[in-house]
Every structure is written in structure tokens, then in C-alpha cells.
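Biologist: I should like to learn how to read the features of a structure that is new to me. May we go through them in turn?

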Amino acid sequence: MYWLEDNIGPILFASFFALVFLNIPIAVSLGLSAAIGLWIMDFPLSIFPSMVYAAIAKFTLMAIPFFILAGVIMEYAGISQRLIRFAQVLVGHRKSGLISVVVIVACFFAAISGSGPATVAALGAILIPAMANAGYDKGVGTALMSASGAIGVIIPPSIVFVVYASIADVSVGALFSGGIIPGILVGAAYIIAAMWMSRNNENIVHQAKASWAEQWDAFKDAFWGLLTPVIILGGIYGGIFTPTEAAGVAVVYGLFVGIFIYRQIKLKDLWRLFVDAAVSSATVMFIIAGASVFAWLLTTSHIAADISEAMLGLGFGKIGMLMMINIIFLIAGCFLDANSALYIMVPIMMPIVNELGIDPVHFGVFITVNLAIGLITPPVGINLYVGCNIADLPVAELCRKIIPFVIAGIIALLIITYIPEITLFLPRYLH
């Protein structure tokens with residue numbers, strides 16, 4: 001038993017990855033490996049339920065199910081179609097205009113749903129066929145939609161930011177404001193990548209320029225959707241309500257718009273709407289529950305401190321250490337969902353962050369960009385699978401087409417990592 005205790009770190013990680021590769025859900029894998037760790041460390045397994053409850057019974061985390069519900073409501077309310085139409089009449093006539101439409105609408109919808117896969121699912125069914133009909137390569141269009149959907153975890157309100165804030169004890173509002181400019185920068189990088197991939201495509205058909213009347217009509221139709229992020233973020237930064245309260249306001253506002261203004265949500269739809277949101281919320285919260293116990297074991301058994309000390313002992317300096325952190329999170333994003341990666345890696349990295357004097361808001365944003373890239377990186381790049389399902393494309397083909405977007409995302413990541421003011425400008429101005 002003493003041998004097992006002395007090797008608790010390798011056992012924890014080995015058991016977790018073994019369960020993951022056996023195709024056991026990540027939430028269950030985390031919980032089972034944590035239970036094994038508790039048994040090895042001679043903790044009574046009876047503390048497991050209380051630790052799980054303590055992990056998820058946090059005011060900050062209450063924002064997660066509310067933001068998920070708000071995103072589902074906005075999808076049912078038909079806001080995605082209206083945002084797409086508005087973006088098309090503004091920039092659709094320009095060269096590679098439809099590429100810009102995909103990224104712009106993804107950024108707006110991300111500011112409503114806060115979820116990458118939800119953004120791909122809501123917008124891809126409309127935009128992927130639209131790009132194919134306009135002459136774009138279907139694989140390029142699907143890759144662009146999958147990559148743009150990943151911006152949903154960077155542009156506020158972001159569920160990943162809420163989770164990181166609860167782990168690192170950082171202001172959610174500061175993270176939200178810090179993610180705005182980096183999210184736009186990543187979106188611009190994806191536009192450039194898509195334009196480069198489509199540069200020799202002579203089959204692209206540009207739509208006619210919309211008249212002022214058409215633009216005004218599209219703006220009026222999309223106005224209530226465009227107002228959503230203004231209400232959420234304006235209320236937070238104006239000091240009117242907390243991020244958690246903002247999530248509740250978003251739900252009420254979304255129901256009002258969907259039922260009384262756009263009239264696309266009927267009373268009979270509410271049951272299915274709430275079930276969809278409940279399933280998505282339960283998935284996230286189960287992962288948080290299992291990951292929190294796993295992270296507690298890492299801290300209690302001094303594994304996190306030992307790894308941090310070993311990394312600092314390499315003597316790479318701040319520049320080299322930032323590169324190492326990025327590499328670690330990029331690799332983690334290939335195998336883990338964002339929430340699991342945060343709970344496992346942040347306890348290890350925070351001592352390094354504090355030692356090197358890295359701002360925790362800057363750290364939270366650039367590791368979130370890493371995890372956003374992970375959403376389009378095999379083998380666990382969930383956005384890829386959502387995109388493949390919508391476009392009816394083989395995963396192997398999309399994996400080839402996604403490479404330029406991964407490269408563009410990494411270039412944007414390095415800029416965000418080594419120029420902290422890109423992240424910290426707005427938090428310092430607004431707080």
C-alpha cells in the first residue's frame with residue numbers, strides 16, 4: 001500500500017487515460033480514477049459525495065446551466081437565422097464575403113450561447129450548405145464553421161471562463177472583458193486562413209450588394225438578437241448584476257423575445273427546450289464534479305506542487321515557460337474537454353504563474369485559446385465531429401482541411417500569449 005501511495009501520481013493519470021481510451025465517458029473516467037486515488041490514499045470513500053456537492057454548489061457555477069439554457073432558447077427563437085441574414089446583407093457581396101459572414105455570425109452567436117459545439121450545431125446547418133451552394137469547397141466550409149464555432153469559448157459569456165474563475169478565484173467579469181479582443185483576433189486569423197485556402201477557387205459566386213432598404217430591414221429583424229450580448233455584458237460591466245445574475249437575465253430575455261416578439265417558441269416547445277438544456281448542463285456539471293475530486297487529490301498528495309517545482313527547475317525563464325505551458329495545453333486539448341483540462345492542469349500551473357508574475361486573467365485567456373484550438377484538433381475535437389455530422393463528410397477529409405485553421409489559431413495564440421496587453425487592456429479599462 002505504501003508503494004501505491006508513493007506512486008499515486010502515475011497511478012491517477014494512468015488509470016484516467018486508460019479509462020478514456022476504453023471509450024468510457026470522461027466524467028465517469030475522472031470519477032473512477034479519483035475514487036481509486038481516494039482508496040489508495042486511505043481516505044474513506046464516503047467523503048466522495050460531499051466533495052462532489054461542495055465542488056458544484058458554488059454561486060459562480062450557477063451561471064453555467066443558465067447560459068446553456070439561454071443559448072438553447074436563442075436557437076429555438078430563430079436568432080441564428082436572423083444574424084446570418086444581417087451579416088450576409090452587410091458583407092456577403094464582398095470578395096470572400098461569405099467567409100466573413102461565418103466568422104462574424106459565430107462571434108455573435110458565441111456571445112449568446114458561450115459554447116463551441118452549440119455554435120457549430122446552430123449555425124452549421126445553414127451556413128455549410130450556403131457556402132457549398134456559393135461555390136466554396138464543402139470541406140473548407142465545414143472546417144471554417146468548426147473552427148469559428150470554437151471562438152464560442154473565448155468570446156464572452158464563456159462557460160470555460162466561468163469554470164476557470166471558480167478554480168483560480170479570478171473575477172468572471174475581468175475574464176469576460178479580457179476574452180473580447182483575443183476572440184476577435186482568432187476570428188481574423190481564421191478568415192485569413194479560409195481566404196488563403198479559397199484563393200484559386202474560380203467557382204465562388206458572389207451575391208449582389210444589398211440595398212440600404214434591405215440592410216435596414218435585416219437590421220430591424222436581427223435587432224433583438226444583437227441586443228442580447230449588449231444586455232448581458234453591459235449589465236455586468238455597468239455593475240447592474242453579477243455574471244451569474246446576467247445568465248438568469250439572458251434566459252428571461254430570450255424567452256420574452258422567442259415567445260412574444262419573434263413568436264417562434266410555443267408553449268409546447270418549452271418541455272423539449274428545457275430537456276435539451278438540462279442534458280447539456282448535466283454533462284458539464286458531471287465533468288466538473290469528477291474533475292474537482294481528481295484535482296483535490298493532485299493538490300492533497302502534493303503531485304501538483306512537485307510537478308510545478310520540477311517545471312520551474314528546468315530554468316527556461318518566462319518566455320520559454322510560456323511556450324511550454326502552451327504546448328502542454330495544446331496537447332491536453334487534443335485528448336480532454338476544456339473543463340476537465342482546467343481542473344487537472346490549473347492546480348499544477350498556478351504556482352508557476354504566480355512565480356513568474358503572469359497575470360491570472362491573461363493566463364486564463366491564453367489557455368482558453370489553447371483549449372479552443374483543442375476543439376478542432378483530433379482525436380477529441382468535438383467541433384470536428386459536429387461539423388462532419390452536419391456536412392456528411394468523413395472525419396479524415398475534415399482533419400486534412402482543418403490544418404491551416406489550426407496553424408492560424410496557433411499564430412494568434414502566440415501573439416496573445418506574448419503581448420499581454422491584448423488581453424489586459426479592456427479589463428484594466430472597465431474595472
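Modeller: The discussion below takes up the core, selected helices, the cysteines and the aromatic rings. Please keep in mind that this is a predicted model.

Biologist: Let us begin with the core. Which residues have the most contacts inside the largest nonpolar core?

Modeller: In soluble globular proteins, nonpolar side chains tend to be buried together. Here the largest nonpolar core has 158 residues, and those with the most contacts inside it are Ile64, Tyr164, Tyr190, Phe363 and Phe405. The largest share of this core, 14 residues, is supplied by helix H15, which spans residues 269-300.

Biologist: What is Phe363 in contact with, leaving aside its neighbours within four places in sequence?

Modeller: With those neighbours set aside, Phe363 is in contact with Tyr164, Ile325, Phe329, Met349, Met350, Val353 and Ile358.

Biologist: I turn now to helix H18. Where does its kink lie?

Modeller: A kink is read as a change in the direction of the helix axis. In helix H18, residues 338-356, a kink of about 50° lies at Val346, shortly before the proline Pro347. The residue that follows H18 is Gly357, and its phi is positive, near 70°.

Biologist: How many of the residues of H18 are buried?

Modeller: H18 is mostly covered, with 15 of its 19 residues buried. Ser340 has its place in this helix. Ser340 counts as buried because its relative accessibility is 0%, and the cut-off for a buried residue is under 20%. Not counting residues up to four places away in sequence, Ser340 touches Ile26, Leu30, Ile287 and Ala291.

Biologist: How should the buried residues of helix H16 be read, and which are they?

Modeller: One looks down the helix axis and asks how the buried residues are spread around it. In H16, residues 303-312, the buried residues are Ile303, Ala304, Ser308 and Met311. They fall within an arc of 130°, so they line one face of the helix. These buried residues pack against helix H2 (8-21), H15, helix H17 (317-335) and H18.

Biologist: What can be said of Ile327 in helix H17?

Modeller: Ile327 lies in H17 and is partly exposed, with a relative accessible area of 44%. Ile327 and Asn370 are 43 residues apart in sequence, and their C-alpha atoms are 8.6 Å apart in space.

Biologist: How many disulfides are there?

Modeller: A disulfide is recognised from the distance between two cysteine sulfur atoms, with a cut-off of 2.5 Å. By this rule the count is zero. Cys388 is in no disulfide, and the nearest cysteine sulfur, that of Cys399, is 6.9 Å away.

Biologist: Why is there no bond between Cys399 and Cys388?

Modeller: The sulfur of Cys399 is 6.9 Å from that of Cys388, which is too far for a bond. As to accessibility, Cys388 counts as buried at 7%, whereas Cys399 counts as partly exposed at 22%.

Biologist: Finally, how many aromatic pairs does the structure hold?

Modeller: A pair of aromatic rings is described by the distance of the centres and the angle of the planes. The structure holds 16 aromatic pairs. Phe219 and Phe223 form one that is edge-to-face, at 6.0 Å centre to centre and with 70° between the planes.

Biologist: Where do Phe219 and Phe223 stand in helix H13?

Modeller: They are four residues apart in H13, residues 212-237, and are therefore separated by about one helical turn. Phe219 is partly exposed at 29% relative accessibility, and Phe223 is partly exposed at 31%. Ring pairs also link Phe86, Trp216, Phe219, Phe223 and Trp224 into a cluster.

Note on methods
Residues are numbered from 1 along each chain as its sequence is written. This is a predicted model: local features need pLDDT of at least 70, side-chain atom pairs count only at pLDDT 80 or more; totals for chains, interfaces and linings use all residues. Side-chain values use heavy atoms; hydrogens and water are left out. A nonpolar core is a set of buried Ala, Val, Leu, Ile, Met, Phe, Trp, Tyr and Cys residues joined through side-chain atoms within 4.5 Å. Buried means under 20% relative accessible area, exposed over 50%, partly exposed in between (1.4 Å probe, protein chains only). Helices (H or I, at least four residues) and strands (E, at least two) are DSSP runs, numbered from the N terminus. Contact means heavy atoms within 4.5 Å. The bend at a residue is the angle between axes fitted to the seven residues ending there and the seven starting there. The arc is that of the directions from the helix axis to the C-beta atoms. Rings of Phe, Tyr and Trp (its six-membered ring) pair if their centres lie within 6.5 Å; planes under 30 degrees apart count as stacked, over 60 as edge-to-face and the rest as tilted.
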